[in-house]
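Trainee: Got a minute to go through this one with me? I have the structure open.

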Amino acid sequence: MSLTTPTPRQFLATAPAGTRVVVRYRIDGGFTDALGDLLECGESECTVRTRKSDVGISLDSVVAAKQVPPAPPRRGSRLTPPAAD
């Protein structure tokens with residue numbers, strides 16, 4: 001029995017919306033990553049909601065994609081103790 005690993009494009013096309021993913025894709029001058037929740041994946045583009053914004057990524061530029069664990073809980077702000085007099 002042989003198991004084949006899906007291509008990045010196949011993974012994105014079959015992953016349910018809301019799956020936390022990292023997607024590496026080509027940009028002018030190199031590569032970049034988008035880390036966040038997969039919002040949707042169409043025939044030619046997927047959208048990932050990162051911490052800063054929604055990123056539309058052409059599937060033709062994707063070189064790697066995988067599911068990642070949920071983000072760790074964000075730390076609360078540190079309270080500075082009052083200065084001693």
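Mentor: Sure. It is a predicted model. Start with Ile57. Leaving aside neighbours within four places in sequence, Ile57 is in contact with Val23, Tyr25, Ala34, Ser44, Glu45, Cys46, Val48 and Val62.

Trainee: Which residues have the most contacts inside the largest nonpolar core?

Mentor: Ile57 is on that list, along with Leu12, Val23, Tyr25, Leu38, Val48 and Val62. The core has 15 residues.

Trainee: Which elements supply at least two residues of this core each?

Mentor: The helix α1 (8-14) does. So do the strands β1 (20-27), β2 (30-41), β3 (45-49), β4 (54-58) and β5. The largest share, 3 residues, comes from β1.

Trainee: OK, strands then. How many bridges pair β1 and β2?

Mentor: They pair over 8 bridges, in the antiparallel sense. One pairing to look at: Arg24 has Asp33 in β2 as its bridge partner.

Trainee: And the turn there? Which residue takes a positive phi in the hairpin of β1 and β2?

Mentor: Gly29, with phi near 90°. That hairpin has 2 residues between the strands.

Trainee: How many residues sit between β2 and β3 in their hairpin?

Mentor: There are 3. β2 and β3 run antiparallel and are joined by 4 bridges. Find Glu40 and you will see Thr47 of β3 opposite.

Trainee: Switching topic. How many disulfides does the count come to?

Mentor: The count comes to 0. Cys41 is in no disulfide, and the nearest cysteine sulfur is that of Cys46.

Trainee: Why is there no bond from the sulfur of Cys46 to Cys41?

Mentor: Because the two sulfurs are 5.2 Å apart, too far for a bond. The cut-off for a disulfide is 2.5 Å.

Trainee: Is Cys46 buried or exposed?

Mentor: Cys46 counts as buried, at 0% relative accessibility. Cys41 is partly exposed, with a relative accessible area of 27%.

Trainee: Last one, Val63. Where is its place?

Mentor: Val63 is in strand β5, residues 62-67. Its relative accessible area is 30%, so Val63 is partly exposed.

Trainee: Which residues is Val63 in contact with, leaving aside neighbours within four places in sequence?

Mentor: Pro8, Arg24, Tyr25, Arg26 and Phe31. Take Phe31: Val63 is 32 residues from Phe31 in sequence. In space the two are 8.9 Å apart, C-alpha to C-alpha.

Trainee: Val62 was on the core list, but Val63 is partly exposed. Any general point about strands to keep in mind?

Mentor: In a regular strand the side chains alternate between the two faces of the sheet.

Conventions:
Residues are numbered from 1 along each chain as its sequence is written. This is a predicted model: local features need pLDDT of at least 70, side-chain atom pairs count only at pLDDT 80 or more; totals for chains, interfaces and linings use all residues. Side-chain values use heavy atoms; hydrogens and water are left out. Buried means under 20% relative accessible area, exposed over 50%, partly exposed in between (1.4 Å probe, protein chains only). Contact means heavy atoms within 4.5 Å. A nonpolar core is a set of buried Ala, Val, Leu, Ile, Met, Phe, Trp, Tyr and Cys residues joined through side-chain atoms within 4.5 Å. Two strands pair if DSSP finds at least two bridges between them.
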